[in-house]
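The following exercises concern strand pairing and nonpolar packing. Consider the sequence and structure below, then work through each solution in turn.

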Amino acid sequence: MKIGKSPNHFQWLRPKNDFIFKLLLGSEDKTSRELLIYFLNDLFQVPKNQSLSNVHLQNPHLNKQHLSDKASILDIRAQIPGTGVINIEMQVENQYNMDKRTLFYCAKVIADQLDEGENYKKLRKTTTINLLDFNYFNHPTYHSIYHLTEKKTGTSYPDILQLHFIEMKRFKKLHRNGKINPDDRLAKWIEFFANEDDSQWKIIASKDPIIKKAVDRLEIISQNQENRWDYEIRQKALKDITTMKEGAKEEGKAEGKAEGKIEVALEMLRDGLDVDRIAKLTGFTKDEILELQKNLNKE
């Protein structure tokens with residue numbers, strides 16, 4: 001299949017949509033599994049002679065009822081033999097809770113490893129990987145890695161928990177300014193996930209054979225009509241979150257303005273201004289001013 005068709009023929013779907021992301025890396029087929037393994041090897045900077053060679057997806061099936069659910073999380077959870085469990089989430093909307101959110105889901109992944117009464121020794125390392133389409137931390141780098149350490153000595157806690165945050169907007173800025181290390185193996189993946197320019201797919205694909213496979217798969221996904229319908233359903237759900245946040249913000253501003261006007265009216269009453277005059281200056285009705293006056297008299 002030819003890469004780089006004119007956008008007039010079809011619209012490329014965006015990899016950072018969590019539904020598309022899951023189709024790319026979290027499906028139960030050979031290509032998806034291969035892409036996930038390569039992504040993890042590059043994320044963890046695994047030496048070539050020690051590369052991860054297998055993963056077992058724990059949630060490969062997609063319940064399409066979740067597409068329209070604004071609260072649903074279309075994550076990828078997998079077990080890496082001999083290593084542990086990983087959970088990957090693509091998040092495009094900043095809900096200002098990623099630090100707590102990822103700890104909560106990490107705790108759930110840890111708890112899910114054991115049935116009641118099982119030995120804690122069976123617990124394996126749990127790693128959460130958060131791909132964010134916004135800046136969250138005040139760091140100069142786009143990839144932050146957190147783990148537990150002893151406060152005074154800096155000694156690492158046994159390696160049971162690791163949190164990754166990848167800020168794609170920060171990556172794009174660093175990339176534009178030529179500040180990405182040429183040896184950064186993760187960079188090619190973030191360039192792929194973050195791309196929104198259809199004219200760049202052919203260029204991105206030419207940089208690395210595995211990314212060409214990812215672009216080829218994205219093209220196939222993008223030309224499937226059912227995928228396009230599901231994509232639009234998911235996009236609407238994600239946009240609804242943004243709309244709700246903006247509406248709440250505007251409502252808060254409106255409430256703030258109303259409270260400010262009330263304080264002005266109360267101050268005028270305290271200064272003895274005429275009720276009709278206050279109503280004219282503030283826009284409140286005479287009855288509203290008289291109600292404020294009653295409340296003022298009760299103080």
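**Exercise 1.** Determine which residues Ile-88 touches, and place Ile-88 in its core.

*Solution.* Leaving aside residues up to four places away in sequence, Ile-88 contacts (heavy atoms within 4.5 Å) Phe-21, Leu-36, Phe-39, Leu-40, Asp-75, Ile-76, Ile-129 and Leu-131. Ile-88 is, with Leu-40, Phe-192 and Phe-193, among the residues with the most contacts inside the largest nonpolar core, which has 52 residues. Such a core is a set of buried Ala, Val, Leu, Ile, Met, Phe, Trp, Tyr and Cys residues joined through side-chain atoms within 4.5 Å; buried denotes under 20% relative accessible area (1.4 Å probe, protein chains only). A second, separate core of 11 residues includes Leu-266, Leu-269, Phe-284 and Ile-289.

The model is predicted: local features require pLDDT of at least 70 and side-chain atom pairs pLDDT 80 or more, whereas totals for chains, interfaces and linings use all residues. Numbering starts from 1 along each chain as its sequence is written, and side-chain values use heavy atoms, without hydrogens and water.

**Exercise 2.** Identify the strands that pair with β4.

*Solution.* Strands are DSSP runs of E, at least two residues long, numbered from the N terminus; pairing requires at least two DSSP bridges. Strand β3 (residues 84-91) pairs with β4 in the parallel sense over 8 bridges, with Val-85 opposite Thr-126. Strand β6 (residues 161-167) also pairs with β4 in the parallel sense, over 7 bridges; there Glu-167 is the bridge partner of Leu-132.

**Exercise 3.** Explain why β4 is largely enclosed.

*Solution.* Because 8 of the 8 residues of β4 (residues 125-132) are buried, the rest of the structure largely encloses this strand. One side carries Lys-125, Thr-127, Ile-129 and Leu-131, and the other Thr-126, Thr-128, Asn-130 and Leu-132.

Methods: Buried means under 20% relative accessible area, exposed over 50%, partly exposed in between (1.4 Å probe, protein chains only). Helices (H or I, at least four residues) and strands (E, at least two) are DSSP runs, numbered from the N terminus.
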